[in-house]
Amino acid sequence: FSTIRFVLGDQLSPNLSSLQDANPKTDLIVMAEPFAEATYVPHHRQKIVLILSAMRHFADELRSKGFKIDYFDYQTRPTKSFTDALHTAIDRHKVPKLVITEPGEWRVLDEINTWASEFGLDLEIRPDDRFFAPLSAFDNFAKDRKELRMEYFYRGLRRQTGILMEPDGKPVGGQWNFDHDNRKRLPDGTNPPAPKTFPPDAITRTLLERVTDDFPDALGAVASFGWAATRQDALAALDHFITTRLPHFGDYQDAMTTKSATVYHSLISPYINIGLLLPDEVCRAAERAYYNGKAPLNAVEGFIRQILGWREYVRGLYWFMGRDYTSRNHFDAQRPLPAFFWDGDVSLNCLKHAIGETLEHAYAHHIQRLMVIGNFALLTGLSVKEVCDWYLAVYIDAFEWVELPNTLGMALYADGGIMASKPYAGSGKYIDRMSDYCADCQYNPRKNTGSDACPFNALYWHFLDRNFDKLGNNPRLGMPYRNWARMKDNDKRALIAQAETFLSKLDRDDTGFKDRQG
Ligand code: FAD
Ligand code: DLZ
Ligand code: SF4
């Protein structure tokens, strides 16, 4: 062989840059399931199964195109790391050149960068062109700005791609943003349809049967596994979303309900992130639904904004901010993660649902991640590192480039406002407005103090009060700080005491919040 093409577990796209000029006659493809990748965080078992199953299917597809693959599966050819696998491959095949598409995190990039000297290889790292924007586009966007807001990056990409654009350069519908239409609570009689699931085939079944024994330190249940592990099935999942869920995606984008863990969300993030679907084809499919009259503009723009806007933006931000981004901790948040993050057994009903569903399905939708779990972590000052590691472990779609900005930047405001113009802090009243969790909760979202008061309320004021020096000048927090200033001293004292009682109980005995209702 003259060239190794090393394909990573989130690079399962036939048109991957490292494969574009691959030749079955001269090139060897290497793929590996190393121990290090399965254990750098205690991944959810559904995530391990999905990635390994999709990798094995992808390898089969390449074999059917005539490629030779040196595949290191963890069962019969265990390896410690990508480097370890490459070592074995090179010992066997003596190949002088290696081509790889850039990975999705600094840790792996640093590892790849050692290969040229370690193996005396001609190493070529190619850009990952499965995104709309090359990394240089984000650098250009960011270099002269103090604030890196997603909205302006997104508008640039709308113009560049022409997605939802009129020929005269104006956005379709006359406005860029329909967010104000997309904040409806789910009405009582509305029941979102179930998302499409896929019965596991033989490759997936083997992994499902073994994953619990083989990865004892991983977490989460596999019983509900119904993810697509091939491009063909992922396309069917996309099609099902576009026809059955996209029409209501906008209206209920921020809604949370005990009736459905997924509401009208698409559940396609794992497929785009590992390469089974391409962001361009996903956005074009949604755009077509609008032009064909199958889905309203607020839904289609809202959905496209998540992919063409947020997803591109966080990827640019991750690489732009560099390796140190991970150590930011604006509020010096250090409180250990409570035990209920690992079993979902907690008396706060919103947390119980959001964490419980996460552990059961390796999935929670955006507002659960941001305004329930993330909000709780922000208000209580949980350790940024522990929270980020938790998010990286538990979600089926979690890869550091996308997980870190969302968790550290958006949810925890630990970068001090680079990503978000104000902290996403909310009281129980927000959760009550957007969900049906509170009706079944032992706490009352309308009460601020007393044993049945919603903990989020006092914690919200405690957060603002204790961080006044860091947030008091933020114009977007003018209103809550004015309300706080107007409150009577007695009421303020009672709120602070209420929050401190909660926090000290959390520190003393975090099992004290077990759900006693059942
Ligand atoms: P939908 O609501 O249907 O959205 C459609 C698509 O838009 C998603 O599939 C995803 O590709 C993209 N998208 C939506 N929001 C974002 C966003 N904020 N950033 C990037 N892409 C977005 N997303 C991940 O893919 N991996 C993560 O590890 C991850 N961690 C998160 C952690 C926190 C604290 C928060 C607040 C958000 C996180 N997100 C992450 C973003 C978002 O919550 C998920 O992409 C989304 O919930 C996936 O479900 P879905 O496919 O049903 O999304
Ligand atoms: C997350 C993950 C897991 C669990 N397993 C593998 C694997 O077996 N092989 C692999 O190539 N990648 C895996 N990954 C993804 C990597 O940890 C990492 O996020 C990507 O390689 C970054 O591009
Ligand atoms: Fe969550 Fe408070 Fe509502 Fe209970 S009352 S579900 S703790 S917001």
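**Stop 1: ligand 1**

Start by selecting the shell around ligand 1, whose residues divide into 14 nonpolar, 10 polar and 4 charged. In this predicted model, 28 residues surround ligand 1. To get your bearings, show His265, Ser266, Ser269, Gln306 and Glu403 as sticks, since they are the residues that come closest to ligand 1.

Next, colour the helices. α11, α13, α16 (366-380) and α18 (400-411) are the elements that give two or more residues to this shell around ligand 1. Which domains supply at least three residues each to the shell around ligand 1? They are domain 2 (135-195 + 245-321) and domain 3 (340-513).

**Stop 2: the domains**

Now zoom out and colour by domain. The protein is divided into domain 1 (3-126), domain 2 (135-195 + 245-321) and domain 3 (340-513). Notice that domain 2 is written as two stretches, 135-195 and 245-321, so select both of them.

Keep domain 2 and domain 3 on screen. Their C-alpha centres lie 25 Å apart. Across the boundary, 21 residues of domain 2 are in contact with 24 residues of domain 3. On the domain 2 side, select α11 (269-274) and α13 (297-321), each of which supplies at least two of the residues that touch domain 3. The largest share of that side comes from α13, with 5 residues. If you colour the domain 2 side by residue type, you will find 10 nonpolar, 6 polar and 5 charged residues. You have met these two helices already: α11 and α13 are also among the elements that give residues to the shell around ligand 1.

**Stop 3: ligand 3**

Move on to ligand 3 and select the 14 residues around it. Cys350, Ile431, Cys438, Cys441 and Cys454 come nearest to this ligand, so four cysteines are on the list to label. Three helices are worth colouring here: α15 (349-361), α19 (428-434) and α20 (455-466) each supply at least two residues of the shell around ligand 3. Which helix gives the most to the shell around ligand 3? That is α19, with 3 residues. By type, the shell around ligand 3 holds 11 nonpolar, 2 polar and 1 charged residue.

**Stop 4: ligand 2**

Now centre the view on ligand 2, which has 16 residues around it. Label Leu8, Gly9, Glu33, Pro103 and Gly104, the residues that come nearest to ligand 2. Then colour α1 (35-39) and α2 (45-64), the elements that give two or more residues to the shell around ligand 2. Of the elements, α2 gives the most, with 3 residues. The shell around ligand 2 is made up of 9 nonpolar, 3 polar and 4 charged residues.

**Stop 5: a helix pair**

Stay with α2 and add helix α8 (residues 202-214) to your selection. The two helices pack at an angle of about 145°, and their axes are 9 Å apart. Turn the view to look across the pair: α2 passes α8 in a right-handed crossing.

Show the side chains in the contact. From α2, pick Arg45, Ile48, Val49, Leu52, Ser53, Arg56 and His57. From α8, pick Ile203, Thr204, Leu207, Leu208, Val211 and Thr212. How many residues of the contact of α2 with α8 are nonpolar, polar and charged? There are 7 nonpolar, 4 polar and 2 charged.

**Last stop: confidence**

Finally, colour the protein by pLDDT. The mean pLDDT is 97, and 99% of the residues reach 70 or more. The model as a whole scores ipTM 0.99 and pTM 0.98.

Technical notes:
Residues numbered from 1 in each chain as written. Chains lettered and ligands numbered in written order. Predicted model: local features only at pLDDT ≥ 70, side-chain atom pairs only at ≥ 80, totals over all residues. Near = placed C-beta within 6 Å. Helix = DSSP H or I, 4+ residues; strand = E, 2+ residues; numbered from the N terminus. Contact = placed C-beta atoms within 7 Å. pLDDT = per-residue confidence, 0-100. Axes fitted to C-alpha atoms, helices over the stretch in contact; angles between N-to-C directions. Left-handed = near helix turned anticlockwise from the far one by under 90°.
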